[in-house]
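Ready for some pencil-and-paper work on a structure? Have a look at the sequence and the fold, then try the exercises.

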Amino acid sequence: MQKFRRTKYGVMVTSAALVALGLTTGMASYKSVDVVVDGHVLQEGTYAGETVAQFLAQEGIHITDYDLVEPARATLLQNGMKIVVRKAKQVVFRDGANPPVTMHTLANTVREFLAQAHVRLGPNDKLNVPLDEKIKPGMDIVVTKLQTVVETQKEVIPYVVERRSSSQYPAGDDVVVRTGENGMALITTQRHYINGKLVYTRQTKKVLQRPINEIIDVGTAPQAPVMSRSDASLVANEVLTVVATAYANPGGYTATGAPAGYGDVAVDPSVIPLGTKLYIPGYGFAVANDTGSAIQGYRIDLCFNSVPQAIDFGRQMVKVYILGSSS
């Protein structure tokens, strides 16, 4: 008597029993079926006229709605049929700050799972398992979203005012020797987020242009005396009306070799001899100790300690008192 064996899910049946079964079922023909479950081949057989789903249930092969069954579950069995069953695996998936989700997948690897779930990893995202890791039942797959937001802005670096004492200018005169200029810096702010939550901020500063400090000379020299016409000690041997032009020559020298400064007057020696002491209202005491090619006739140049002072005076008609000694 010939026998056949069903693997794992089958039982031992005698040919006589099969004949008896055929008599009670209207002599249905025997069907040989191969079943492949997740790559494992099972050779089965049946006389029943049933669907794929009924046959698998009869054989104790439990399938869920998530499993892949080919051919379709409602397909009627045929002799020589091959049934392929791929069991879905349950995994727990968490994408960034989203709550964990239990999912069933037929993917073989984590890479395939993400593709089927339509999850795209950002350039900075991290995955808790390798992309080529085989999917295992109960696996946790966690995507950590890392994001860096970069902002840049320009910031003014204010210049500093340096004040220094100078005997070149009279007390009370502040002379801007060098005008200040603001600098410029580039501020880069990086904000780092994990799953949408700010975790730390980093800021860097790059100087694009250094500031130029302003330099002011604060005069410390005694003020040139200013004398009113009513002063009894003032004796004017002569009074001239001339055109006076202001100039500034810091660090320069007069025609007599003395350092140029406030109180030095350039004259035409044929009109006012060099060395003559003068008094000019609105300017003060002065000495004719300089000359110039443009100073001819009734023209004089008044020396100031700074360009702003000279510009403020400009050019104007003035009276020049030629001073002598009181008797």
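Below are three short exercises, each with a worked solution.

This is a predicted model, where local features need pLDDT of at least 70, side-chain atom pairs count only at pLDDT 80 or more, and totals for chains, interfaces and linings use all residues. Residues are numbered from 1 along each chain as its sequence is written, and side-chain values use heavy atoms, with hydrogens and water left out.

**Exercise 1.** Work out which strands stand at the edges of the open sheet.

Solution. Start with the order, which is β4-β3-β6-β5, with mixed pairing (strands are DSSP runs of E, at least two residues, numbered from the N terminus; two strands pair if DSSP finds at least two bridges between them). Next, β4 (40-46) and β5 each have a single partner strand, so one side of each lacks a neighbour in the sheet. Finally, check one pairing: β5 and β6 (residues 82-86) run antiparallel, joined by 3 bridges, and V69 has V85 in β6 as its bridge partner.

**Exercise 2.** Decide whether E59 is buried or exposed.

Solution. First locate E59, in the loop between α2 (52-58) and β5 (68-70). Its relative accessible area is 2%, so E59 is buried (buried means under 20%, exposed over 50%, partly exposed in between, with a 1.4 Å probe and protein chains only).

**Exercise 3.** Place I194 and classify its exposure.

Solution. I194 belongs to strand β14 (residues 183-194). With a relative accessible area of 38%, I194 is therefore partly exposed.

Definitions and conventions. Helices (H or I, at least four residues) and strands (E, at least two) are DSSP runs, numbered from the N terminus.
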